[in-house]
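Colleague: I would like to walk through this model step by step. Could you show it to me and then take my questions one at a time?

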Amino acid sequence: MNGRELINILDFGIGALYFLQQGQHYMNHEVPDMVPQFGAVYDFVVIGAGTAGATIAARLSEIHQVEVLLIEAGSKENFLMDIPLLVYMLQLSDDINWKYQTKSSNKYCLGMEGNRCNWPRGKVMGGSSVLNYMIASRGGAEDYDRWAKMGNEGWAYKDVLKYFKKLETIDIPELQSDTIYHGTKGPLHISYPLFHTSLAKAFLNAGKELGYPLVDYNGKNIIGFSYVQATIVNGTRMSSNRAYLHPARNRRNLHVTRESRVKKVLINRHTNRAIGVEFIKHHQIIRVFASKEIILCAGAIGSPQLLMLSGIGPAKHLNELGINVVRDLPVGENLMDHVAFGGLTWTVDDPVSIRLTDIINPTYPYMKDFLMRQSGPITVPGACEALAFIDTKNSTKLHGLPNIELLFIGGELKGDIILPIILGFNNAIRQIWNKYIITYGWTILPMLLKPKSRGWIRLLANDINVKPEIVPNYFDNPEDVKTMMDGIKAAISVGQTKAMKLFGSQLTNDTFPGCENYEYDSYDYWECAMRTASLSIYHYSGTCKMGPKEDPTAVVDPRLKVLLKDALESTCFFQIYNKY
Ligand SMILES: Cc1cc2nc3c(=O)[nH]c(=O)nc-3n(C[C@H](O)[C@H](O)[C@H](O)COP(=O)(O)OP(=O)(O)OC[C@H]3O[C@@H](n4cnc5c(N)ncnc54)[C@H](O)[C@@H]3O)c2cc1C
């Protein structure tokens with residue numbers, strides 16, 4: 001060991017102590033836990049302290065006169081969850097990840113153990129905003145305008161823009177003056193990662209070489225290339241818990257009960273109103289009531305599950321499980337996700353990429369850089385450094401909506417020592433990829449932005465402890481196959497640019513097991529490959545669809561109230577983009 005390496009190890013030790021001290025300070029910011037009394041009445045009861053629930057509860061509690069109860073199944077967030085590079089490791093924990101899996105299929109997720117894709121979801125204060133990759137992306141203005149045209153008043157981009165601005169403090173200096181699109185006083189900080197590999201810079205140059213502009217994809221035009229904008233402050237994650245609940249910790253009207261699993265929403269059958277919830281905390285059943293509203297924010301899997309267990313859902317399905325039907329609504333239908341193809345890694349000649357085995361080696365400077373100063377590659381969210389939004393149907397069109405996102409990772413998916421396991425890839429594939437553990441490289445995940453395929457979520461039992469059946473139906477619609485094919489070709493063309501070739505980029509071209517009968521690089525080969533290495537990008541949505549009363553596929557109205565003739569006072573929040 002040379003002198004420099006020894007100093008790195010010593011600095012690592014000092015940095016670890018400093019970081020632990022900071023962590024203690026951070027833990028003191030959590031809203032304290034309490035046990036509600038059986039029968040207690042609050043004005044608002046919010047179910048789920050995730051991205052939506054933490055925000056709603058904190059905002060409501062700004063009104064001193066109302067009492068708000070926030071119920072969360074998971075436990076405290078801690079500072080170890082906020083280390084950007086290690087984001088995917090969080091999925092290993094049973095404590096903070098619901099660990100859902102899709103139903104086994106013979107059409108997609110074929111390269112995963114049991115032909116099932118892993119569907120992680122946060123079970124912790126902050127919900128999935130604690131497990132997510134922190135990429136802040138609003139979606140295109142035209143999407144919101146289309147929702148408004150479909151009868152969803154208040155959802156046009158001009159209407160939602162003020163909330164996007166209100167929630168953020170944009171920490172990207174060159175965007176701070178753009179007050180049309182950005183806010184500088186909101187609780188949620190958004191920044192570029194503090195570190196970029198030379199490969200990420202090359203990726204942006206590749207974009208220019210291909211005729212794309214560099215854009216602020218949360219600004220006027222979305223199509224183009226950019227570093228990722230991330231919900232990161234001072235090199236660490238900013239979850240909704242940290243952004244909204246920590247500052248509200250001293251409010252006396254905000255009550256939080258953690259490790260509390262809601263079993264069902266209580267509905268008065270005479271008035272047709274949601275009046276309370278039943279939950280279980282430390283083996284004890286507790287009922288609480290709401291004088292104003294129950295706000296359901298359990299996410300795109302938890303919300304439909306709870307609605308169905310409470311009698312709101314497809315009548316036939318509920319009858320089969322012996323659940324009394326309160327309202328026949330298409331809850332759990334219309335499931336969609338941003339599916340990606342996880343098989344495009346390039347190797348490069350020199351050690352210029354982010355490689356986990358280097359990062360965690362204490363003789364290298366990376367750990368101490370993060371622990372002492374929150375700088376260096378550990379501040380990059382899951383090594384996702386940059387992205388491109390493109391329209392493969394018309395590559396010269398630089399306005400309007402994209403149909404593919406290319407997510408650039410400054411490291412090798414195939415060569416990572418842990419990521420393929422976390423993603424669920426089977427043994428046969430991981431063995432083929434083992435040879436990349438010693439190489440350096442980069443990856444593009446082409447991702448479908450407007451999937452036409454729709455899946456569903458259904459109950460498997462009248463029991464909150466039984467995970468629901470999840471059928472994403474990836475690539476069910478042949479147009480999705482075609483668009484993904486175009487996305488793959490677009491990613492390959494990035495690898496062929498001068499900017500990427502400068503590094504000696506070589507596309508790894510191992511044939512996927514099961515696809516041997518197709519000629520490599522043919523249409524049929526790539527179709528087989530995408531059905532094998534289908535990756536969820538974790539944007540499950542659409543299962544409590546919003547729409548006007550006349551829409552037979554809608555579950556909630558444009559004010560997000562469950563569509564019951566007599567206006568059931570409950571609300572279903574879920575991810576707001578790509579609802580259709
Ligand atoms: C691994 C991963 C990476 C992602 N990356 C990104 C990204 O980079 N950018 C991006 O924009 N989006 C990303 N997403 C998606 C994004 O995080 C979610 O869309 C968003 O967090 C959803 O917010 P939500 O409030 O609807 O649900 P959640 O944040 O999941 O919150 C739901 C909460 O409800 C609780 N809950 C559920 N059921 C019950 C019950 N019965 N009783 C009590 N509590 C309950 C859960 O524990 C959870 O805390 C990612 C998601 C994941 C999982």
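Modeller: Gladly! Let me begin with a term we will need: two strands count as paired if DSSP finds at least two bridges between them. Please also keep in mind that this is a predicted model.

Colleague: With that in hand, how many bridges join strand β17 to β20?

Modeller: Strand β17 covers residues 345–348, and β17 and β20 run antiparallel. Two strands need at least two bridges to count as paired. For β17 and β20 the number of bridges is 4.

Colleague: Which residue of β20 is the bridge partner of V348?

Modeller: We have just seen that β17 and β20 run antiparallel, and β17 spans residues 345–348. The partner to look for lies in β20, which spans residues 440–448. The bridge partner of V348 there is Y440.

Colleague: β19 pairs with β20 too; over how many bridges?

Modeller: Strand β19 is made of residues 404–409, and its pairing with β20 is in the antiparallel sense. One place to look is I409, which stands opposite T443 in β20. The bridge count for β19 and β20 is 6.

Colleague: How many residues of β20 are buried?

Modeller: Here a cut-off helps: buried means under 20% relative accessible area. In a regular strand the side chains alternate between the two faces of the sheet. In β20, Y440, W442, I444, P446 and L448 are buried on one side, and G441, T443, L445 and M447 are buried on the other. The count for the strand is therefore 9 of 9.

Colleague: Let us turn to the ligand. Which element gives the most residues to the shell around it?

Modeller: In total, 34 residues surround the ligand, and the closest are T51, A52, E72, S128 and I135. The residues of this shell divide into 17 nonpolar, 13 polar and 4 charged. Of the elements, the one that gives the most, with 3 residues, is β11.

Colleague: And what share of the ligand's exposed area does the protein bury?

Modeller: Start with the polar atoms: a nitrogen atom of the ligand is 3.2 Å from a polar backbone atom of A73, and an oxygen atom of the ligand is 3.2 Å from a polar side-chain atom of W98. A backbone N or O atom of V124 also lies 3.5 Å from an oxygen atom of the ligand. Taken alone, the ligand exposes 1,000 Å², and the share of that buried by the protein is 95%.

Colleague: Now the cysteines. What is the handedness of the disulfide of C515 and C528?

Modeller: The sulfur atoms of C515 and C528 are 2.1 Å apart, and a disulfide requires them to be within 2.5 Å. C515 and C528 are both buried. The torsion about their S-S bond is about -85 degrees, so this disulfide is left-handed.

Colleague: The structure holds 2 disulfides; which pattern do they follow along the chain?

Modeller: Besides C515 and C528, which form a disulfide, C109 and C117 form one with sulfur atoms 2.2 Å apart. C109 and C117 are both buried. With the bonded cysteines counted along the chain, the pattern is 1-2, 3-4.

Colleague: Why is C384 not bonded to its closest cysteine, and how far away is that sulfur?

Modeller: Burial first: C384 has 3% relative accessibility, so C384 counts as buried. The closest cysteine sulfur to that of C384 is in C117, and the separation is too far for a bond, as a disulfide needs sulfur atoms within 2.5 Å. The distance is 17 Å.

Colleague: Is T508 buried or exposed?

Modeller: T508 is found in the loop between β23 and α15. A polar atom of the T508 side chain lies 2.8 Å from the backbone oxygen of T345, and a polar contact of 2.8 Å joins the side chains of T508 and K414. With a relative accessible area of 7%, T508 is buried.

Colleague: One more loop residue: what is the relative accessible area of I360?

Modeller: I360 is found in the loop between α9 and α10. Partly exposed lies between the limits of 20% and 50%. I360 falls in that class because its relative accessible area is 41%.

Methods. Residues numbered from 1 in each chain as written. Predicted model: local features only at pLDDT ≥ 70, side-chain atom pairs only at ≥ 80, totals over all residues. Heavy atoms only, no water. Near = heavy atom within 4 Å. Polar contact = N/O pair within 3.5 Å; in protein donor to acceptor, adjacent residues only side chain to side chain. Areas by Shrake-Rupley, 256 points an atom, 1.4 Å probe, with all protein chains shown as cover. Helix = DSSP H or I, 4+ residues; strand = E, 2+ residues; numbered from the N terminus. Nonpolar A, V, L, I, M, F, W, Y, C, P; charged D, E, K, R; others polar. Buried < 20%, exposed > 50% of the residue type's maximum accessible area, 1.4 Å probe, protein only.
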